[in-house]
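Dear colleague,

Please find the structure below, handed over for your files. My notes on its internal cavities and on one residue follow it.

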Amino acid sequence: MESLFLWELGTPKVYAIWLVVFVAQIAIAEINRRWNWTIFALWTIGGLAMMPYAAIHGTPMVGWFPFGKYAIMVATATMTGTLLVYGKRNPVKAHRYAIWLGVALWIGLAVNIMEANIRDITIFFEADNYYACGASAECLQSINDSRQGIDMINGLPETRGVTAPLHSPEWYQAVADNFKANHVGIDPATGFRTIGGYWNIMSAIAGVLNIITITGLGKIAITSEGKQKVRGLIWVDMVWPWVVAYDLWNHAFLYNALADYTWYCTLALLLACTIPAFTWAKGQWIWFRCFTLMFWIAANNLLPEILVPPAHMNNFATMNPVANIVCAAAALVFNIGLFIYWLYKIVKTRRNPITNNLYFELGEFRDIVRAHFDDKDKYFQTDMIPETPAELGFEPDSLQPPRDGYVGWMPWWNTDKRYEKPRTPLSADPGLVAKGVRTDLSWDA
């Protein structure tokens, strides 16, 4: 079979379905971004209502791992939507407690990454069992027998050329012989083809580095009123070095764990959040990642008969260990490079990568600030560093901070610890005044 290195060369139908999946993922995330009530109707109410069905109907076919992702994503989508709505309605409080909004998003993101890392490590240690299952006619038959009539084996590349009667003992044995000859394993819990090796460890290390290098939690904000037709949740420090590092890691992990489904769940799914974040929705990668993933996970749990079994819509992975190694190595090398760059920026600028932004000097960062923030937010973003918005090229309307702007603050501060330069007065946030936070009035705008 001709291949694209990672996947087999598919039929025109496969490419048409890929395009439909790609467009549908972007469309649902964009709908959720424009009409926020749809988040809670579709994913909170609808997601919770369908959870028993997903557990009873979907789990026997796809296993507990996808159901766990489904439950996590229902909670994450609800939280992300709530943060956007809260930020629009309570701008002063949203800026005051920006760090907690960031921590909430970080937890959702980090849990998803760590869950994948654990899966990668599990595959590494279970690889021999997966190979043994693939080489066993009894194990292959048990996968089908436990799937409520859904055939997880027929249609796989290892069934090609098998002439024995379908699902006969001879048929299963011939398929098992092909698995063994090709040195391909299968996870008995999920029925997914998998090959394990040291590339799983490489991918898991890349995932850990990706978590470490998440920055800018304390400066997540909402598009300033009047700046854009659609106001978004802006994680301005989540710029291209981290997004590319994440995409490479996520693809490597899924190619290790769910190789036959990566045609859709990485190539289509990752592009569906990365392309908007680099074009019309700059600074909003986390939004599109959340809701495109929510859509795909829900579809897999609720429609496993259509999306999970081997079928004409699948573009199967080549199961070539070289492909796994290349994907994992690319993820690891890029994430090591990101970690080095992250460390260099911290040491050079002395910025706190959690409470503050780190990548102010990047062109993409500047473009996001110009497009989404007014002076109130431009001065909020820069109130913990010596540089001013004008010096960073953010093009503020005024060289003085607005008196009615927003105050950067951390919940554990007793005094105003913003950088000593002209800044929005603490009195702009009556809540901080009521808390008795002390400030140096000489720096007030």
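In this predicted model, five helices each supply at least two residues of the lining of the largest cavity: α4 (64-89), α6 (98-134), α10 (240-257), α11 (262-278) and α12 (285-302). The greatest contribution comes from α12, with 6 residues. In total, 24 residues line the largest cavity, and Leu 254, Leu 258, Cys 265, Trp 296 and Ile 297 lie nearest its centre. By character, the lining comprises 18 nonpolar, 4 polar and 2 charged residues. The volume of this cavity is about 350 Å³, and the structure holds 3 cavities of 30 Å³ or more.

The second largest cavity has a volume of about 120 Å³. It is lined by 13 residues, of which Thr 76, Gly 108, Leu 109, Asn 112 and Ile 286 are the closest to its centre. Here α4, α6 and α12 each supply at least two lining residues. The lining divides into 8 nonpolar, 4 polar and 1 charged.

I would also draw your attention to Asn 36, in the loop between α1 (12-34) and α2 (37-49). Its relative accessible area is 11%, and Asn 36 therefore counts as buried, the cut-off being under 20%. The side chain of Asn 36 reaches the backbone oxygen of Asn 32 at 3.0 Å. Leaving aside residues up to four places away in sequence, Asn 36 touches Leu 84, Val 85, Lys 88 and Trp 287.

With kind regards

Definitions and conventions:
Residues are numbered from 1 along each chain as its sequence is written. This is a predicted model: local features need pLDDT of at least 70, side-chain atom pairs count only at pLDDT 80 or more; totals for chains, interfaces and linings use all residues. Side-chain values use heavy atoms; hydrogens and water are left out. Helices (H or I, at least four residues) and strands (E, at least two) are DSSP runs, numbered from the N terminus. Buried means under 20% relative accessible area, exposed over 50%, partly exposed in between (1.4 Å probe, protein chains only). A polar contact is a pair of N or O atoms within 3.5 Å; within protein, one must be able to donate a hydrogen and the other to accept it, and residues adjacent in sequence count only if both atoms are side-chain atoms. Contact means heavy atoms within 4.5 Å. On a 1 Å grid over the protein atoms alone, a cavity is a set of points where a 1.4 Å probe fits but cannot get out, and a pocket is an open set with protein on both sides within 12 Å along at least five of seven lines; lining residues have an atom within 4 Å of a point. Grid points are joined across faces, edges and corners, and a volume is the space filled by probe spheres set on the points. Ala, Val, Leu, Ile, Met, Phe, Trp, Tyr, Cys and Pro count as nonpolar, Asp, Glu, Lys and Arg as charged, and the others, Gly among them, as polar.
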